[in-house]
Amino acid sequence: METFEFLGFGIDAWITIITVLGMFSVLLFTKLRSDVVFLGAIGILYVTGVLDAKEAFSGFSGTSVITVGVLFVVVAGLTYTGVLQWIVKNLLGQPNTYSKAVTRLMLPVAVLSSFLSNTTVVALFVNIVKMWSKKLGISPSKLLIPLSYASGMGGVCTLIGTPPNLIISGIYEEKTGEAMNILTTTIPGLFCLAVGILSVIAMRKLLPDRKVPESAFESTGEYTVEVLVPSDNPYIGKTLGEAGLFHIKGGSLIEMYHFDNMPTPISEDEPIMGGDHLVYAGQINELIEVVESHQLVAADHHIFKMSEIDMNRQLRTAYVNFGSSLIGTTIGGSTFEKDNNVVLAAVARRGERINKAPRQVVLQAGDTLLLICPKNINIDTSSLKNDLQFFDSEEIPNIGMGTLVSTAIMIAMVALSALGIMPLLQSAFLAAAAMLIFRCCSVEQGMRAINWEILMVFAGSAVLGLAIQKTGIAERMATGILDVCGTNPLVVMTAVCFVGTFITEFISNTAAGAMFFPIMYEAAEKLGYDPFPFLVALMVSVSSSFATPIGSPTHMLVYGPGGYRFSDFMRIGLLMNIIILAANIFIVNIVYPLTPLSGN
């Protein structure tokens, strides 16, 4: 029925192209939730008639999407029984050189990421890296990028290790009726991991040597904290010098505000009044002593009596996420503290001193915040997790019989699928049920572990891939690639993987996998070859994003703690992209030789 055609594409194809480009532009340049953006894209394709109702919502019933949802429960069982902590405690050891530290870090992280959530693994290991860096006498920035790289390369090693593997294998099964083995990508993934570890060690000079943000909370003059004088404070009427608040151990007074909020010249003879704001720069432990000994409080609102203060609180360190709604705002100019029942105590930026009161600092991605929080705060269920990443004060589960049980359940799940006894989805359902039956996690914990935003993106990506195939975009692009690259299958495979590797630096690797599947599949068929090895190479390439901090959620996790700049990832990441691409093409064609289709 299509009569319109421009540059070889019909109206449905152009609607799809504009929708996809618009969707990724919104994801890159706005702070809208990714699941909302993907749902909006599906709505556009459905309303405009590009996809019918069954096609538009087929992603939500796909086996790969359901598998991911069930695996969240399995991972919850492993997490709450302390499997990760046991591995950290017993297998990592204490390396005494940089090369040994990189190897001992990247190998266990990669193995864990083959079966568990990459973000969960990286979040746990960030604190381990901090301890190692002190022992080695180097900056954590030398180890945090390798940590993130290892999680990505490890995820490639199994079908359940990373979402693109599941979505590509799921679409492949729907298209051919043949299921991929859970260990299909294991040998290519391990080879690329080995090459990656050696490359990181060889290129260690390209890794930045940044001052860690937390050091700003340990060194004099590198952070600021604002406190308030309550109206019943015993030092009211005395001068700063008499009260011992002008010269303090481990810090200095840099600003003072009276009730009119106008800066006051700082001198030892300045009198103290109720409601005064004092801004100090110094060491956090020394300042805490001054705050307690002089009965000062956090400056989020006026306090009239010390009895108003909730003493059941704790200090937590957090980092401002990319895409956080706090970026470009000040805490003082928002209701953030009131909404989340927290108080901002201090701000640091890449270890640099910020000569402003913390609540007046315009926040940037990667800023380190020191927050006063309730001791029983649940970060996972609060709105804080959308804006900030917490790494300290993590709940450490008890290691015991449950640890062995959950580990056995995971091994059994992998074995049942790898040996072809039952499909991955069935073995995942059994594993999730076993985790609940043997109380490795509660039903509540399992349900809370399901990341619905990821599932929405996953389902939306599958639908986009379907639209790209249905509208002829995939076939047209495959033909274009063959026109440019010729009929050499290795050249075509490399070209598509090259584009996929760099596209995934800016968009979700799940979306990249779904978008490039039909293109790679069509190209392979047009060349007359079995698409299987082409798709295995694609799995590795769309998960090989090393050059930008927005290329992977795990890069965002280490960006703040490492004190990195955006360009730090590019220095080593661009070379890593090329190296892993070459290793990928080499090993895939050895493990899965190109096979002509029957009749060719």
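Buried means under 20% relative accessible area, exposed means over 50%, and partly exposed is what lies in between. Keep that scale at hand for the exercises below, which work through a predicted model.

**Exercise 1. Get an overview of the chain: how many helices and strands are there, and what share of the residues is buried?**

Start with the secondary structure: the protein chain has 23 helices and eleven strands. Next, take burial: 55% of the 600 residues count as buried. Then look at the surface, where the accessible area is about 25500 Å² and carbon and sulfur atoms hold 61% of it. Finally, turn to contacts with a separation of 6 or more: 79% of them join residues 24 or more positions apart.

**Exercise 2. Classify the ring pair of Phe498 and Phe502, and say how exposed each partner is.**

Step one is to recall what to look for. A pair of aromatic rings is described by the distance of the centres and the angle of the planes.

Step two is to apply this. The structure holds eight aromatic pairs. In the pair of Phe498 and Phe502, the centres are 4.9 Å apart and the planes make an angle of 50°, which is a tilted arrangement.

Step three is to place the partners. Both sit in helix H19, four residues apart, or about one turn of the helix.

Step four is burial. Phe498 has 38% relative accessibility, so it counts as partly exposed. Phe502, with a relative accessible area of 24%, is partly exposed as well.

**Exercise 3. Now try Phe532 and Tyr592: which kind of ring pair do they form, and which parts of the chain does the pair tie together?**

First, the geometry: the ring centres of Phe532 and Tyr592 are 5.3 Å apart with the planes at 70°, so the pair is edge-to-face. Second, the location: Phe532 belongs to helix H21 (residues 532-542) and Tyr592 to the segment after helix H23 (566-591), so the pair ties together parts 60 residues apart in sequence. Third, the burial: Phe532 counts as buried because its relative accessibility is 17%. To finish, add Tyr172, since ring pairs link Tyr172, Phe532 and Tyr592 into a cluster.

**Exercise 4. Work out how enclosed helix H21 is and what its buried residues pack against.**

Begin by counting: eleven of the eleven residues of H21 are buried, so the helix is largely enclosed by the rest of the structure. Among them are Phe534, Leu535, Met539 and Val542. Now look at the surroundings: the buried residues of H21 pack against helix H9 (163-176), H10, H19, H20 and H23.

Follow Leu535 a step further. It is among the residues with the most contacts inside the largest nonpolar core, which has 134 residues; Leu143 and Met576 are also in that group. Helix H20 (residues 509-527) gives this core its largest share, twelve residues. Another core, of 16 residues, lies apart from it and includes Ile331 and Leu384.

**Exercise 5. Decide whether Thr504 is buried or exposed, and find what it touches.**

Locate it first: Thr504 is in the loop between helix H19 (489-503) and H20. With a relative accessible area of 0%, Thr504 is buried. Leaving out residues up to four places away in sequence, Thr504 touches Asn509, Ala512, Ser541, Val542, Ser545 and Gly551. As a last check, compare sequence with space: Thr504 and Ser543 are 39 residues apart along the chain, while their C-alpha atoms are separated by 7.4 Å.

**Exercise 6. Find the salt bridges and say which helices they link.**

A search of the whole structure gives two. In one, Glu55 pairs with Lys470, with the closest N and O atoms 2.7 Å apart. Glu55 is in helix H3 and Lys470 in helix H17 (residues 452-470), so this pair ties together parts 415 residues apart in sequence. Lys470 is partly exposed, at a relative accessible area of 45%.

In the other, Lys526 pairs with Glu475, with the closest N and O atoms 3.6 Å apart. Lys526 lies in helix H20 and Glu475 in helix H18 (residues 473-485), 51 residues apart, so distant parts of the chain are linked. Lys526 is partly exposed at 38% relative accessibility, and Glu475 is partly exposed at 40%.

How values were computed: Residues are numbered from 1 along each chain as its sequence is written. This is a predicted model: local features need pLDDT of at least 70, side-chain atom pairs count only at pLDDT 80 or more; totals for chains, interfaces and linings use all residues. Side-chain values use heavy atoms; hydrogens and water are left out. A nonpolar core is a set of buried Ala, Val, Leu, Ile, Met, Phe, Trp, Tyr and Cys residues joined through side-chain atoms within 4.5 Å. Buried means under 20% relative accessible area, exposed over 50%, partly exposed in between (1.4 Å probe, protein chains only). Helices (H or I, at least four residues) and strands (E, at least two) are DSSP runs, numbered from the N terminus. Contact means heavy atoms within 4.5 Å. Rings of Phe, Tyr and Trp (its six-membered ring) pair if their centres lie within 6.5 Å; planes under 30 degrees apart count as stacked, over 60 as edge-to-face and the rest as tilted. Accessible areas come from the Shrake-Rupley method with a 1.4 Å probe; for residues, only the protein chains shown count as cover. A salt bridge is a side-chain nitrogen of Lys or Arg within 4 Å of a carboxyl oxygen of Asp or Glu.
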